[in-house]
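Me: I would like to learn how to read a model of this kind feature by feature, from single residues up to the meeting of chains. Could we take the general idea each time and then turn to the case at hand?

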Amino acid sequence: MEVKAAVGLHARPAAQFAEIAKTAGFPVKVGRNESGLVNAASPLRLLTLKVAQGESILVVCETSDEAGAKKILDNLEACIQN
Amino acid sequence: MAGISGYGVGDQPVIGKIFLIERGNSDSHDSLKKLSSEDAITRLSEAVKKVEADFNESIKASKDTTLRDILNAQLALITDPELSSAIIESINSGKSLPQAIETAINEFTSLLVGGSEEFEARIADLKEIGVRLIDAAAGKSTLLNFPKDGEWIVVSNDLSPLETSKFTSAIKGVVTKDGGPTSHTAIVCRQLRISAVVGCGDISQLKADETITLDPTENAVYLGSRTIEHTVPWWENLPKQKTSVFRPLGNVGSAKDAALVKSSKALGVGLLRTELLFLDAKVEPTIEEQFKIYKEIVSNCPEGEVIFRTLDAGTDKPIEFLNLGIEENPALGVRGQRISWVRPHFYENQLRAIKEVSTQFPNRKISVMAPMIANAQEATVFSNSARELNFESIGVMVEIPSIIEDITNLPESINFLSIGTNDLSQYLFAADRQNSTVAHLLNPWQPILLKTISRICDLAKSRGIKVGVCGEAASDRLLAPVLIGLGVESLSAGAGAVSDLVAISHALSLSQARAAAEIAINSKSANDAQRAVKNLLNSKI
């Protein structure tokens with residue numbers, strides 16, 4: 001999924017984003033492109049991506065559970081669109 | 001005896017024992033270096049738990065939602081398993097626990113270098129987390145427990161909001177290495193009326209539990225106990241004047257502030273800040289929602305004029321729903337009134353909400369003013385939109401130096417100017433308010449700033465426009481007579497300083513104010529100006 005971040009992923013948004021990723025029950029990765037993916041459940045790793053407002057990010061759910069993945073992606077999208 | 005000097009906050013000298021906040025003291029880490037890698041890993045997980053518990057305790061005790069959010073975000077980093085695994089990896093490669101923590105923290109901070117300010121600022125957070133983890137592993141308390149008895153002076157590099165929020169009544173003074181007149185520590189000390197000397201540069205002579213004397217009026221810290229004259233405030237022995245030469249007003253950001261300002265007998269509100277309303281808002285509050293909150297604040301305000309300042313935010317104080325993006329130089333970007341260029345409806349709605357409040361209180365004088373106005377043309381645009389809504393008392397802030405030479409071109413509808421001394425200094429001296437190395441330039445006693453204020457008053461007078469001061473300078477009890485002598489008509493200060501301003505307004509004579517202004521403006525430096533005025537005022541007693 002590609003999402004345009006309405007807010008930069010700095011301190012507070014990164015913590016909230018990671019909080020949601022943690023609830024997934026499967027690995028969630030995030031990055032600018034496929035070669036630079038980091039653990040989305042780690043606020044520290046999210047910070048190091050230095051995602052600014054308006055930048056696009058790629059979110060990858062490593063699972064076969066499509067419904068579960070959709071739910072997590074929706075929640076993550078809501079978190080950065082907000 | 002060698003003294004230490006910095007920027008003084010407050011007007012009372014104090015003597016106390018040093019409560020030293022020292023972080024990253026390497027002596028206590030020696031024992032950690034001898035741990036086996038297994039023990040080091042166990043110790044690490046204990047340290048994380050301890051710091052986590054400390055943070056949770058502080059979060060629970062904190063009533064300030066912004067502070068709570070900041071602490072929660074830091075806590076998320078501390079408990080991040082990726083941090084622990086990076087440290088453990090480093091331990092397994094043969095490093096001692098403190099070295100491993102430093103290596104892991106450095107690894108993450110190096111990735112943040114070169115990001116925007118928001119990310120660069122996290123570098124300091126991460127470093128603090130590293131130091132806290134090492135301290136916790138060494139068995140030192142990372143949680144500050146200020147003494148409750150005795151008389152103490154806190155000595156530290158600088159203090160965070162978390163730390164100042166824990167001050168007890170036994171804290172009589174503060175000395176910091178970093179920071180300046182507008183740093184967080186200085187502002188908090190002024191509010192709490194704690195004497196401080198900030199931005200001292202070198203504080204290595206100050207050792208825990210030793211006694212020091214701190215004299216903010218001399219900007220100095222002395223080792224040992226000095227006889228200090230607990231001077232009566234300069235205005236207390238003066239005869240009562242028949243008429244006041246200025247209006248003492250209060251700065252207000254909430255209904256609680258308003259009530260405090262009212263109880264201190266202020267003659268009105270010189271600055272009603274509206275930022276707090278919006279900082280946590282996810283969506284723009286409706287006109288009705290704004291109206292309700294403004295109405296509650298105004299109903300708690302003292303009798304007399306209430307000056308609303310329209311939103312003064314920008315990317316440094318981001319408002320989520322305005323979506324202003326990120327700027328290289330927030331202080332020089334879309335801030336204050338400039339937001340109306342990109343989000344015009346927001347300003348219109350805010351003015352409408354304020355107008356509704358003024359309709360609800362027909363007997364009150366409700367004024368509006370705009371922050372960050374650069375020239376008469378911008379002032380005209382603002383005053384036109386305020387006049388459309390039938391506001392009668394309209395003003396602009398003087399913070400950007402360029403407006404000064406355009407004062408004579410201001411439209412007739414502008415009735416007053418309000419000087420924000422903090423920002424005026426920042427822009428006049430090209431000195432960032434967040435940068436402690438240039439902080440001495442922001443000293444409100446700088447004769448150049450005072451000359452600028454004098455120029456503003458002269459130009460405004462020629463147009464029959466009143467001038468007030470609402471920055472930190474207005475709460476300096478020695479500077480008040482200087483500002484009045486320069487031609488300022490009202491001083492607006494935080495709740496803590498208003499009652500003194502009220503007392504000063506009963507005691508100060510115009511001739512005395514003019515003498516103070518004359519002497520200050522002709523001084524060679526900020527310190528000279530302050531000393532000369534102090535001598536002048538105290539000699540009249």
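Me: Let us begin with a single residue: does B:A503 count as buried or partly exposed, and why?

Reply: Bear in mind throughout that this is a predicted model. The general idea is to count the C-beta atoms around a residue, and a residue is called buried when 20 or more others lie within 10 Å of its own. B:A503 counts as partly exposed because it has 18 C-beta neighbours inside 10 Å. This residue lies in helix α18 of chain B, which spans residues 495-507, and in space its C-alpha atom is 7.9 Å from that of B:E236, although 267 residues separate the two in sequence.

Me: Which class does B:A493 fall into by its count of other C-beta atoms within 10 Å?

Reply: B:A493 is buried, since 30 other C-beta atoms lie within 10 Å. It belongs to strand β16 of chain B, residues 490-493. Its contacts, once neighbours within four places in sequence are left aside, are B:G250, B:N251, B:A474, B:S475, B:V498 and B:L501. The C-alpha atoms of B:A493 and B:E472 are separated by 7.0 Å, with their positions 21 residues apart along the chain.

Me: How should I go from buried residues to a core, and which residues have the most contacts inside the largest nonpolar core?

Reply: The idea is to join buried nonpolar residues through their C-beta atoms. Here the largest nonpolar core has 84 residues, and B:L483 and B:L491 are those with the most contacts inside it. With neighbours within four places in sequence set aside, B:L491 is in contact with B:F246, B:P248, B:L249, B:V469, B:A474, B:A480, B:L483 and B:L501. There is also a second, separate core of 53 residues, whose members include A:I20, A:V51, B:A73 and B:L133.

Me: Now for pairs of helices: at what angle do the axes of α17 and α19 of chain B cross?

Reply: One reads the distance between the axes together with the angle, and then asks which residues make the contact. Helix α17 (residues 479-486) and helix α19 (residues 510-521) of chain B have axes that come within 7 Å and cross at roughly 95°, which means that α17(B) is roughly perpendicular to α19(B). From α17(B), the residues B:P481, B:V482, B:I484, B:G485 and B:L486 meet B:Q512, B:A513, B:R514, B:A516, B:A517 and B:A520 of α19(B). Sorted by class, this contact has 8 nonpolar, 2 polar and 1 charged residues.

Me: How are α9(B) and α11(B) set relative to one another, and what is the hand of their crossing?

Reply: The axes of α9 (residues 255-263) and α11 (residues 287-300) of chain B come within 7 Å and cross at roughly 15°, so α9(B) is roughly parallel to α11(B). Their crossing is right-handed. B:A255, B:A258, B:A259 and B:K262 of α9(B) meet B:E296, B:I297 and B:N300 of α11(B), a contact made of 4 nonpolar, 1 polar and 2 charged residues.

Me: What is the packing angle of α4(B) and α5(B), and how far apart are their axes?

Reply: These two helices pack at an angle of about 130° with their axes 8 Å apart, and α4(B) is therefore oblique to α5(B). The crossing is right-handed. On the α4(B) side are B:L83, B:A86, B:I87, B:S90 and B:I91, which meet B:L97, B:A100, B:I101, B:T103, B:A104 and B:E107 in α5(B). The residues of this contact divide into 8 nonpolar, 2 polar and 1 charged.

Me: Moving on to the meeting of chains, how many residues of chain B are in contact with chain A, and which element of chain B gives the most?

Reply: The count is taken on each side separately: 21 residues of chain B are in contact with 20 residues of chain A. On the side of chain B, the elements giving two or more residues are α3 (65-78), α4 (81-92), α5 (97-112) and α6 (117-137), and α3(B) gives the most, with 5 residues. That side divides into 9 nonpolar, 5 polar and 7 charged residues.

Me: Finally, what is the order of elements in chain A?

Reply: Read from the N terminus on, the elements of chain A run β-α-β-β-α-β-α, and they come to 3 helices and 4 strands. Buried residues make up 44% of the 82 residues in chain A. Chain B has 20 helices and 16 strands, and 45% of its 541 residues count as buried.

Technical notes: Residues are numbered from 1 along each chain as its sequence is written. Chains are lettered from A and ligands numbered from 1 in the order in which they are written. This is a predicted model: local features need pLDDT of at least 70, side-chain atom pairs count only at pLDDT 80 or more; totals for chains, interfaces and linings use all residues. A nonpolar core is a set of buried Ala, Val, Leu, Ile, Met, Phe, Trp, Tyr and Cys residues joined through C-beta atoms within 7 Å. A residue is buried if 20 or more other C-beta atoms lie within 10 Å of its own, exposed if 12 or fewer, and partly exposed in between; C-beta atoms are placed from the backbone. Two residues are in contact if their C-beta atoms, placed from the backbone, lie within 7 Å. Ala, Val, Leu, Ile, Met, Phe, Trp, Tyr, Cys and Pro count as nonpolar, Asp, Glu, Lys and Arg as charged, and the others, Gly among them, as polar. Axes are lines fitted to C-alpha atoms, for helices over the stretch in contact, and angles run from 0 to 180 degrees between N-to-C directions. Angles under 35 degrees count as roughly parallel, over 145 as roughly antiparallel, 65 to 115 as roughly perpendicular and the rest as oblique. A crossing is left-handed if the near helix is turned anticlockwise from the far one by less than a right angle, and right-handed if clockwise.
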